[in-house]
Amino acid sequence: IADELKILLLPKDENDDKNVIVEIRAGAGGDESALFAAEIYRMYVHYCEGRRWKIETMEVEEIGIGGMKSVSFMVTGNGAYSVLKYESGVHRVQRVPETESGGRIHTSTISVAVLPEAEEVDVQIDEKDIRIDVMRASGNGGQCVNTTDSAVRLTHYPSGIVVYSQTEKSQLQNKEKAFALLRAKLYDIEQQRAHDAEAELRMSQVGTGDRSEKIRTYNFPQGRVTDHRIGLTLYKLDKIMDGDIQEIIDACIAADQAAKLAKMNEE
């Protein structure tokens, strides 16, 4: 009971109860990286569906062979950020790509950013700082998607951030999604600044801040997944790729709590 009380007394992340916007980007590895990005996207979709969380795609850039250069999606569900925040970082895949004729194992990477959804009260955006462009959607889509100016691109001058949304038929809906994505990115920049000011606290966390940190390796020839932050290796790659990631997340939460408890005891 005393241990449980200590965990309850740990300072709570103010964003834990928020919905999230997840951004997956292909990194090193060309087409293979984009294919893996699409597989990781499906992994999160299956995981969120298992938890009865709602998923809404906001922005996607696909390549012809079924891969994704980038994809952003919103997850709406109770405590989504408190769970998914541990997925931020670089994910590495080791396998023989379908395009590899010599049977050599390649290493590719993707990056995952988990941003808490920002309300308008969290981030103030001045209209003078934004340029709004509307255009026809590109790529795959129904007749009305590609024949009307429904796609929206926002350019935020002070930060240089550009966001694009074309997943809906309506220009208004795409504009709302683009603004939600921009707010989340601006809020994240503020959060990163605050984190940098509290460098010691950030070091004690289980990799929930540094996007450049390699957090996990998916090794297909050996059927294993290793989380480098906590030294956890599981030999159930197929299940994990199907969305069974709860064991990894639970282990990250436990390690994070243990690190914070140790710090609390020192103080």
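**Exercise 1. Decide whether R216 is buried or exposed, and describe its surroundings.**

Solution. Start with accessibility: R216 has a relative accessibility of 0%, and a residue is called buried under 20% relative accessible area, exposed over 50% and partly exposed in between, with a 1.4 Å probe and protein chains only, so R216 counts as buried. The model is a predicted one, in which local features need pLDDT of at least 70 and side-chain atom pairs count only at pLDDT 80 or more, while totals for chains, interfaces and linings use all residues. Residues are numbered from 1 along each chain as its sequence is written, and side-chain values use heavy atoms, with hydrogens and water left out.

Next, place the residue: R216 lies in strand β9, where helices (H or I, at least four residues) and strands (E, at least two) are DSSP runs numbered from the N terminus. Then list its neighbours, taking contact to mean heavy atoms within 4.5 Å: leaving out residues up to four places away in sequence, R216 touches Y86, E87, V90, H91, R92, V225, T226, D227, H228, R229 and I248. Finally, look for a polar contact, that is, a pair of N or O atoms within 3.5 Å, of which, within protein, one must be able to donate a hydrogen and the other to accept it, and for which residues adjacent in sequence count only if both atoms are side-chain atoms. The side chains of R216 and D227 are joined by such a contact of 3.1 Å.

**Exercise 2. Locate P221 and state which residues it touches.**

Solution. P221 sits in the loop between β9 (214–219) and β10 (224–227). With a relative accessible area of 49%, P221 is partly exposed. Not counting residues up to four places away in sequence, P221 touches Q94, R95 and I105. For I105, which is 116 residues away from P221 along the chain, the separation of the two C-alpha atoms is 8.4 Å.

**Exercise 3. Give the strand order of the eight-strand sheet and work through the pairing around β3.**

Solution. First, recall the general rule: strands of a sheet pair through backbone hydrogen bonds, either parallel or antiparallel. Here two strands are said to pair if DSSP finds at least two bridges between them. The eight strands form an open sheet in the order β2-β3-β1-β5-β4-β9-β10-β11, with mixed pairing. Its edge strands are β2 and β11 (232–234), each of which pairs on one side only.

Second, take the neighbours of strand β3 (residues 68–76). Strand β2 (residues 54–62) is joined to β3 by eight bridges and runs antiparallel to it, and within this pair E62 has M68 as its bridge partner. The hairpin formed by β2 and β3 has five residues between the strands, and G66 in the turn has a positive phi of about 95°. Strand β1 (residues 20–26) is joined to β3 by six bridges, again antiparallel, with V75 as the β3 partner of V20.

Third, follow β1 to strand β5 (residues 106–116), with which β1 pairs in the antiparallel sense over seven bridges; V20 has P116 as its bridge partner in β5. Lastly, consider burial: seven of the nine residues of β3 are buried, so this strand is largely enclosed by the rest of the structure.

**Exercise 4. Check the span of helix α2 (residues 30–50) against expectation.**

Solution. The expected span is 1.5 Å times one less than the number of residues. For the 21 residues of α2 this gives 30 Å, and the end C-alpha atoms are 31 Å apart, which agrees. As for its setting, 15 of the 21 residues of α2 are buried, so that the helix is mostly covered, and it is followed by R52, whose phi is positive, near 65°.

**Exercise 5. Which elements give two or more residues to the largest nonpolar core?**

Solution. A nonpolar core is a set of buried Ala, Val, Leu, Ile, Met, Phe, Trp, Tyr and Cys residues joined through side-chain atoms within 4.5 Å. The largest one has 37 residues, and I24, I40, V75 and Y218 have the most contacts inside it. The elements in question are β1, α2, β3, α3 (80–84), β5, α7 (237–241) and α8 (246–266). The largest share of this core, 10 residues, comes from α2. Leaving aside neighbours within four places in sequence, I24 is in contact with residues including A37, I40, Y41 and Y44.
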